[in-house]
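Dear colleague,

I am handing over the structure we spoke about, and below it you will find what came out of going through it. Please read the notes with the model open beside you.

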Amino acid sequence: MEDKGISLRPFIGAKDYDVSRRFYRDLGFEETVLSPDMCVFKSGALSFYLQDAYVKDWIDNTMLFMEVDDVNRFWQELVALDLTQKYNVRLTPVRTEPWGKECFVHDPSGVLWHFGEFKK
């Protein structure tokens with residue numbers, strides 16, 4: 001195909017839509033409400049759709065990877081947000097892999113986010 005993609009915007013669901021919206025705003029994403037049951041969150045040129053929809057099997061099998069420029073700094077900022085206390089979410093510290101480093105966050109619904117940095 002000659003036509004190339006311009007962006008990729010996954011759709012994720014939320015068990016408690018309002019809680020998830022607050023969570024992502026706390027993470028620093030900019031929210032734009034599209035309808036009563038859908039919004040888009042952006043960070044720079046990256047974005048994803050959050051839906052007021054919950055299907056356990058779907059959520060339990062959703063993972064996203066977001067590349068960051070400095071995963072150690074990102075982790076420190078993540079910890080400072082006190083997300084575990086506010087949202088009862090799981091955070092997994094930075095670990096080193098052959099390809100780079102990453103840390104993990106489960107959002108309030110259970111979506112697993114990988115935040116990583118590739119070796120240069």
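The protein chain has a radius of gyration of 15 Å, which agrees with the value near 14 Å that a compact globule of 120 residues would have; the radius is taken over C-alpha atoms, and the globule rule is 2.2 Å times the number of residues to the power 0.38. Please keep in mind that this is a predicted model, in which local features need pLDDT of at least 70 and side-chain atom pairs count only at pLDDT 80 or more, while totals for chains, interfaces and linings use all residues. Residues are numbered from 1 along each chain as its sequence is written, and side-chain values use heavy atoms, with hydrogens and water left out.

Taken along the principal axes, the box filled by the C-alpha atoms of the protein chain is roughly 50 × 40 × 25 Å. Of the 120 residues, 39% are buried, where buried means under 20% relative accessible area, exposed means over 50%, and partly exposed lies in between, with a 1.4 Å probe and protein chains only. The protein chain exposes about 7500 Å², of which carbon and sulfur atoms supply 51%; these areas come from the Shrake-Rupley method with a 1.4 Å probe, and for residues only the protein chains shown count as cover. Among the contacts with a separation of 6 or more, 51% are between residues 24 or more positions apart, a contact being heavy atoms within 4.5 Å.

As for charge, the 15 positive and 20 negative charges of the protein chain have mean positions that are 3 Å apart. Lys and Arg count as positive and Asp and Glu as negative, while His and the chain ends are not counted; the place of a charge is taken as NZ of Lys, CZ of Arg, CG of Asp or CD of Glu.

The secondary structure consists of four helices and eight strands, and from the N terminus the order is β-α-β-β-β-α-β-α-α-β-β-β. These are DSSP runs numbered from the N terminus, with helices being H or I of at least four residues and strands being E of at least two.

I would begin with strand β4 (residues 46-51), in which five of the six residues are buried, so that the strand is largely enclosed by the rest of the structure. Strand β1 (residues 11-13) runs parallel to β4 and is joined to it by three bridges, whereas strand β3 (residues 38-43) runs antiparallel to β4 and is joined to it by six bridges; two strands are said to pair if DSSP finds at least two bridges between them. L50 in β4 stands opposite I12 and also opposite C39, while F48 in β4 stands opposite F41. The hairpin formed by β3 and β4 has two residues between the strands, and G44 in its turn has a positive phi of about 65°. On the other side of the sequence, strand β2 (residues 30-35) is antiparallel to β3 over five bridges, with V33 opposite C39, and this pair also forms a hairpin with two residues between the strands.

C39, which lies in strand β3, deserves a separate look. Its relative accessible area is 0%, so C39 is buried. Leaving aside residues up to four places away in sequence, C39 touches Y17, R21, E31, T32, V33, L34, F48, Y49 and L50. Two of these names, Y17 and R21, recur among the buried residues of helix α1 (residues 17-26), which are Y17, V19, S20, R21, F23 and Y24. Just after α1, G28 takes a positive phi of about 100°.

Further along the chain, strand β6 (residues 91-97) and strand β7 (residues 100-106) pair in the antiparallel sense over five bridges, with E102 in β7 as the bridge partner of R95, and a hairpin joins the two strands through two residues.

Finally, there are two backbone points to inspect. D82, in the loop between α3 (71-80) and α4 (83-87), has a positive phi of about 55° although it is not a glycine, and at 40% relative accessibility D82 counts as partly exposed. N88, in the loop between α4 and β6, likewise has a positive phi of about 55° without being a glycine, and N88 is exposed, with a relative accessible area of 70%.

With kind regards
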